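Open the structure in your viewer and keep the selection tool at hand. The stops below tell you what to select and what is there.

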Amino acid sequence: MGIDPKTPQLPGFNFPHRTYGHSLMVHADCFHWLRKMPENSIDAVVTDPPYGVREYEARELEQRQCGKTGIWRIPPSFDGNKRAPLPRFTALDHQERQAVRHFFREWATILLPKLKPGAHVFVACNAFMSQLVFSSLMDDGLEFRTQIIRLIQTLRGGDRPKLGEQEFPDVCSLPRGSYEPWGLFRKPLPKGMPLRECLRTHGTGGLRRRMDGKPFLDVIPSERTPRRERHIANHPSLKPQSLMRQLVWSALPLGEGIVVDPFMGSGSTIAAAEAVGYHSIGIERHRDYYTLAGKAVPQLHALSTHGPTGGLPSCNGQAQLELGAGVPVEPVACHFGVAAAADAGCDRTPAGG
Ligand SMILES: C[S@@+](CC[C@H](N)C(=O)[O-])C[C@H]1O[C@@H](n2cnc3c(N)ncnc32)[C@H](O)[C@@H]1O
């Protein structure tokens with residue numbers, strides 16, 4: 001059974017699910033949901049997985065509240081403000097790193113046959129974990145294409161040596177983190193098939209150009225997730241709409257098909273897909289986050305985006321998105337070029353260093 005890219009029926013199977021606009025949100029373990037999907041049915045994946053694997057386990061989420069034990073730790077305060085707990089990936093031991101490898105290899109093995117040939121997979125990570133996560137995804141056949149660099153000040157690195165601050169005032173232990181890598185992968189094109197043929201046959205293989213006709217770029221100036229978005233969706237790893245709308249837009253070269261986020265969280269990918277008029281499916285295992293996504297997606301979708309938007313058109317007021325499929329969509333409000341206030345972000349920016 002295939003899925004018609006122009007009028008896709010979004011499959012929730014027997015898992016609890018809800019719909020909003022062109023989107024489906026499913027309460028399930030994505031490994032289980034993916035196993036039920038037909039082969040060659042997913043056009044693109046844009047996702048922010050639990051890249052330390054442990055951090056979204058029920059026990060770790062309970063311990064997160066205190067921020068003193070487990071993987072979530074409250075970063076040191078250097079300006080008097082108490083910060084939200086962040087996962088400390090440097091704490092992962094050899095066995096846990098092996099578990100990360102196993103998790104992503106298994107995920108890629110299940111995902112690969114469900115992707116259409118040429119389908120792109122965008123995977124959020126951080127500079128500390130990306131080698132491990134990306135190489136694991138490549139082990140079982142996903143083709144590594146490049147990294148998309150989201151320019152964003154993180155809390156990682158830049159510190160003077162612990163307890164040696166006075167002695168070594170001119171030293172920092174690591175560079176201060178200023179980017180977030182997104183791995184860009186692709187299901188290999190059928191042997192001998194040129195890109196133009198893959199686009200004709202499967203509608204996949206390339207990336208959609210920006211709305212101004214310029215190529216999609218591998219560096220995206222970004223912002224911390226704005227406070228107003230965090231007020232809508234209180235998820236520890238909420239990504240900003242100004243970033244997600246650019247990534248999601250580029251993921252479907254012809255503007256047709258389904259974008260899947262197997263690790264949906266509070267639904268920033270799904271809201272972005274709605275904003276650009278795409279069909280999408282989000283899967284979330286944690287009941288509270290699934291419920292949160294149901295409430296947050298309509299509100300995040302309704303937001304205009306502030307801050308750096310790169311690939312989206314510069315405009316004031318309303319931008320009528322032009323969809324390749326010619327599907328009439330609601331105009332999406334956007335007010336670009338206004339730098340957002342430097343809110344304290346809630347993306348996972350690892351502490352320590
Ligand atoms: C890093 S967060 C994604 C947050 C998302 N970027 C957002 O903006 O809200 C990863 C999410 O994946 C969920 N998750 C972890 N393992 C999962 C699995 N096997 N299936 C589905 N969801 C899973 C976690 O509960 C968590 O909400």
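The tour goes from the core to a pair of helices and then to one further helix. Keep in mind that this is a predicted model.

**Stop 1: the core.** Select Phe122, Val123, Val133, Val248, Val259 and Ala293. These residues have the most contacts inside the largest nonpolar core, which has 70 residues. Now add residues 287-302, which form helix H9; seven residues of this core come from H9, the largest share.

**Stop 2: around Phe122.** Which residues is Phe122 in contact with, leaving aside its neighbours within four places in sequence? Select Val45, Val46, Thr47, Ile148, Trp182, Leu184, Leu247 and Ala251: these are its contacts.

**Stop 3: two helices.** Select residues 94-111 for helix H3 and residues 130-139 for helix H4. Their axes come within 8 Å and cross at roughly 40°. Angles from 35 to 65 degrees count as oblique, so H3 is oblique to H4. The crossing is right-handed.

To see where the helices meet, show the side chains of Arg97, Val100, Arg101, Phe104, Arg105 and Ala108 in H3, then those of Leu132, Val133, Ser136, Leu137 and Asp139 in H4. By class, this contact has six nonpolar, one polar and four charged residues. Val133 was also on the list at the first stop, among the core residues with the most contacts.

**Stop 4: helix H8.** Select residues 268-276. Are the residues of H8 buried or exposed? Nine of its nine residues are buried, including Ser268, Thr269 and Glu274. Last, select Gly277, just after H8, where phi is positive at about 85°.

Key: Residues numbered from 1 in each chain as written. Predicted model: local features only at pLDDT ≥ 70, side-chain atom pairs only at ≥ 80, totals over all residues. Core = buried A, V, L, I, M, F, W, Y, C linked by C-beta atoms within 7 Å. Buried ≥ 20, exposed ≤ 12 C-beta atoms within 10 Å, placed from the backbone. Helix = DSSP H or I, 4+ residues; strand = E, 2+ residues; numbered from the N terminus. Contact = placed C-beta atoms within 7 Å. Axes fitted to C-alpha atoms, helices over the stretch in contact; angles between N-to-C directions. Parallel < 35°, antiparallel > 145°, perpendicular 65-115°, else oblique. Left-handed = near helix turned anticlockwise from the far one by under 90°. Nonpolar A, V, L, I, M, F, W, Y, C, P; charged D, E, K, R; others polar.
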